[in-house]
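User: I am new to reading protein models. Could you take me through one, feature by feature?

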Amino acid sequence: MKIILTFIIFLSSFAGITQNTSAANTTTYFFIRHAEKDLSNPDNRNPQLTEEGKKRSQNWAKVLIDTKVDMVFTTDYIRTRETASPIAQSKNLETTLYDPRDLNNPGFQQKTKGKTSVIVGHSNTTPAFVNKVIGKEKYATIDEKDYGKLFIVKITSEVITDVVLNVN
């Protein structure tokens with residue numbers, strides 16, 4: 001309950017920004033790491049989610065239920081696609097693949113400008129992507145055991161605001 005309240009308060013804090021600019025001029029990104037993956041086979045570089053991970057992916061959809069989402073992006077791994085799927089389904093959207101080696105390129109910026117996007121990545125690529133978007137090295141790699149970080153970035157023509165929440 002504390003997490004949901006914190007999330008609501010955080011989203012409300014953007015009210016001042018959005019009052020001075022139209023929604024078309026505001027770009028919002030929700031960055032999350034994939035949910036818990038199956039680690040039973042150390043040689044499997046593309047595992048599925050565990051049962052706990054599947055529950056977490058459903059929870060991400062619930063966390064974002066009242067948020068307008070225009071696009072859902074995921075890397076081309078089973079665990080990221082399985083994490084993104086409940087979010088996309090709850091919004092009647094298709095997922096769009098992105099290359100984690102080519103973050104925040106001009107095409108991505110243009111495609112997402114003025115929209116709200118969810119981006120599902122990995123423990124190393126998610127903070128790197130956030131850092132590229134905000135233009136500074138602020139966030140470090142996520143601990144391998146941490147699957148509950150939610151990075152939120154809002155961009156207007158004048159201001160970039162970012163925050164990270166722990167949703168567990």
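User: Let me start with one residue. Is Asn-104 buried or exposed?

Analyst: Asn-104 is buried, because its relative accessibility is 13% and the cut-off for buried is under 20%. Keep in mind that this is a predicted model. Asn-104 sits in the loop between strand 3 and helix 5 (106-112).

User: What is special about the backbone of Asn-104?

Analyst: Start with the general idea. Most residues other than glycine have a negative phi. Asn-104 is not a glycine, yet its phi is positive, about 55°. Asn-92 also has a positive phi of about 55°, and it is not a glycine either. Asn-92 lies in the loop between helix 4 and strand 3 (95-97). Asn-92 counts as exposed, because its relative accessibility is 72%.

User: Where does a glycine take a positive phi?

Analyst: Look just after helix 6. Gly-135 has a positive phi of about 80° there.

User: Let me step back to the whole chain. How many helices and strands are there?

Analyst: The protein has 6 helices and 6 strands. Along the sequence, their order is α-α-β-α-β-α-β-α-β-α-β-β. The protein has 168 residues, and 45% of them count as buried.

User: How do I see whether the fold joins distant parts of the sequence?

Analyst: Look at contacts between residues at least 6 apart in sequence. In this protein, 66% of those join residues at least 24 apart. Gly-148 gives a case of closeness across the sequence. Gly-148 and Ala-35 are 113 residues apart in sequence, but their C-alpha atoms are 7.9 Å apart in space.

User: Where is Gly-148, and what does it touch?

Analyst: Gly-148 lies in the loop between helix 6 (125-134) and strand 5 (149-155). Its relative accessible area is 0%, so Gly-148 is buried. Beyond its neighbours within four places in sequence, Gly-148 contacts Arg-56, Trp-60, Leu-165, Asn-166, Val-167 and Asn-168.

User: Why is helix 6 described as largely enclosed?

Analyst: Count its buried residues. In helix 6, 8 of the 10 residues are buried, so the rest of the structure largely encloses it. Among the buried ones are Phe-129, Val-130 and Ile-134. The cover over the buried residues includes strand 1, helix 5, strand 4 (116-121), strand 5 and strand 6 (160-166).

User: How do I describe two helices that pack together?

Analyst: Two packed helices are described by the angle between their axes and the distance between the axes. Now take helix 3 and helix 4 (residues 78-90). Their axes come within 8 Å and cross at roughly 35°. The crossing of helix 3 past helix 4 is right-handed.

User: Which residues meet there?

Analyst: From helix 3, Ser-57, Gln-58, Trp-60 and Ala-61 take part; from helix 4, Glu-82, Thr-83, Pro-86, Ile-87 and Ser-90 do. By class, this contact has 4 nonpolar, 4 polar and 1 charged residues.

User: Last one. How do I check a buried charge such as Lys-37?

Analyst: Find its place, then look for a partner of opposite charge. Lys-37 is in the loop between strand 1 (27-33) and helix 3 (51-63). Lys-37 is buried and has no salt bridge. The nearest side chain of opposite charge is Glu-144, 4.2 Å away. A salt bridge needs a distance within 4 Å. Lys-37 still touches Glu-144, along with other residues including Pro-47, Arg-79 and Tyr-147.

Technical notes
Residues are numbered from 1 along each chain as its sequence is written. This is a predicted model: local features need pLDDT of at least 70, side-chain atom pairs count only at pLDDT 80 or more; totals for chains, interfaces and linings use all residues. Side-chain values use heavy atoms; hydrogens and water are left out. Helices (H or I, at least four residues) and strands (E, at least two) are DSSP runs, numbered from the N terminus. Buried means under 20% relative accessible area, exposed over 50%, partly exposed in between (1.4 Å probe, protein chains only). Lys and Arg count as positive and Asp and Glu as negative; His and the chain ends are not counted. Contact means heavy atoms within 4.5 Å. Axes are lines fitted to C-alpha atoms, for helices over the stretch in contact, and angles run from 0 to 180 degrees between N-to-C directions. A crossing is left-handed if the near helix is turned anticlockwise from the far one by less than a right angle, and right-handed if clockwise. Ala, Val, Leu, Ile, Met, Phe, Trp, Tyr, Cys and Pro count as nonpolar, Asp, Glu, Lys and Arg as charged, and the others, Gly among them, as polar.
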